[in-house]
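Q: Please take a close look at a single part of this model and describe how it is placed among its neighbours. A connected account would be appreciated.

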Amino acid sequence: MEGEEWDELQRNLMATIPVYDRINRFATLGQVSRWRKMVREKLPQGRVLEIGCGPGSFAEDVVGRDLVCVDPIPEMLSTAEKRVNSARAERGDSPAEFVESTAEELPFEDGSFDAICSLFSFRDWYDKKAGLSESLRVLKPGAPIIIIDPAKINRLHGILGALWMRVWVGSYARIVCGVRDHPWKWLTKTYEEFGNTRDYVSMLQDVGFIDVEARVIFPGMATIWSARSP
Ligand SMILES: C[S@@+](CC[C@H](N)C(=O)[O-])C[C@H]1O[C@@H](n2cnc3c(N)ncnc32)[C@H](O)[C@@H]1O
């Protein structure tokens, strides 16, 4: 993704903030909370990095870990910070740290995290291989990475998924946002450009991750990849 496209994507992502959770629940037929729980259950104790935290929908319920959240959009970070740190304060967890950055240039030391997760953000990374290499660099040896995003199983699956996004999700987004030119149009575009489940298994292996696994947990809407640093 080049400069202008990246700016356009950021503008559209920013516009999703007020309605993000509502439309996401609808798009996934309410399954998104279950998937987030699956990721949380895979997180070890220690220092955890979420890449692409958005408005904090996942981070809010990460309990008992030292949490660092990265996102390139300041408005996402400020929304997430309020939401996540008030939930953490109520539970007695230490405040999470919020850092404006991208996956491709993580401002952290080598081997400084016990786990990385990224939910519904990976498909937006403008250089996925660079982002995964950076993730590997900042993970401790043996530490896991867990990614969820809607990859396709094959071409037919991609066509059906695109229809789902355009018709089902697009119609609802138009009603909720009250405009024809709603930001989910752009998210449909990133969905269509995203590759197959296996493409990213190979990419994880190519950058040096081991024990790479992928599982389609909801056809068209969610694949979960997991891997470990060697
Ligand atoms: C759809 S939100 C995901 C929110 C949250 N993780 C969740 O579970 O719903 C995707 C986020 O990824 C961020 N993002 C996009 N490109 C990124 C990149 N290259 N590096 C890090 N984050 C990125 C966007 O700014 C956006 O806030």
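A: Ile146 of strand 5 stands opposite Ser226 in strand 7. The model is a predicted one, in which local features need pLDDT of at least 70 and side-chain atom pairs count only at pLDDT 80 or more, whereas totals for chains, interfaces and linings use all residues. Residues are numbered from 1 along each chain as its sequence is written.

Strand 5 covers residues 144-149. Strands here are DSSP runs of E with at least two residues, helices are runs of H or I with at least four, and both are numbered from the N terminus. Two strands are taken to pair if DSSP finds at least two bridges between them.

On one side, strand 5 is joined to strand 7 (residues 222-228) by 6 bridges, and the two run antiparallel. Strand 4 (residues 115-119) is linked to strand 5 by 4 bridges, and this pair runs parallel. Within that parallel pairing, Ile145 of strand 5 lies opposite Ile116, and Ile146 is the bridge partner of Cys117. Ile146 thus has a place in both pairings, with Cys117 as its bridge partner and Ser226 opposite it in strand 7.

The connection between the parallel strands can also be described. Strand 4, helix 5 (residues 128-138) and strand 5 form a right-handed β-α-β unit; right-handed means that, with the strands pointing away from the viewer, the path from the first strand over the helix to the second runs clockwise.

In the wider setting, 7 strands make up an open sheet of mixed pairing, in the order 3-2-1-4-5-7-6. Its edges are strand 3 (97-100) and strand 6 (210-218), each of which has a single partner strand, so one side of each lacks a neighbour in the sheet. On average, neighbouring strands of this sheet are turned by 15° against each other, direction ignored.

Helix 3 (residues 32-42) packs on this sheet and touches strand 4, strand 5, strand 6 and strand 7. Contact requires C-beta atoms, placed from the backbone, to lie within 7 Å. The direction of helix 3 makes about 175° with that of strand 5, where angles run from 0 to 180 degrees between N-to-C directions of lines fitted to C-alpha atoms, for helices over the stretch in contact.

Finally, strand 5 is mostly covered, with 5 of its 6 residues buried. A residue counts as buried if 20 or more other C-beta atoms, placed from the backbone, lie within 10 Å of its own.

Conventions. A residue is buried if 20 or more other C-beta atoms lie within 10 Å of its own, exposed if 12 or fewer, and partly exposed in between; C-beta atoms are placed from the backbone. Two residues are in contact if their C-beta atoms, placed from the backbone, lie within 7 Å.
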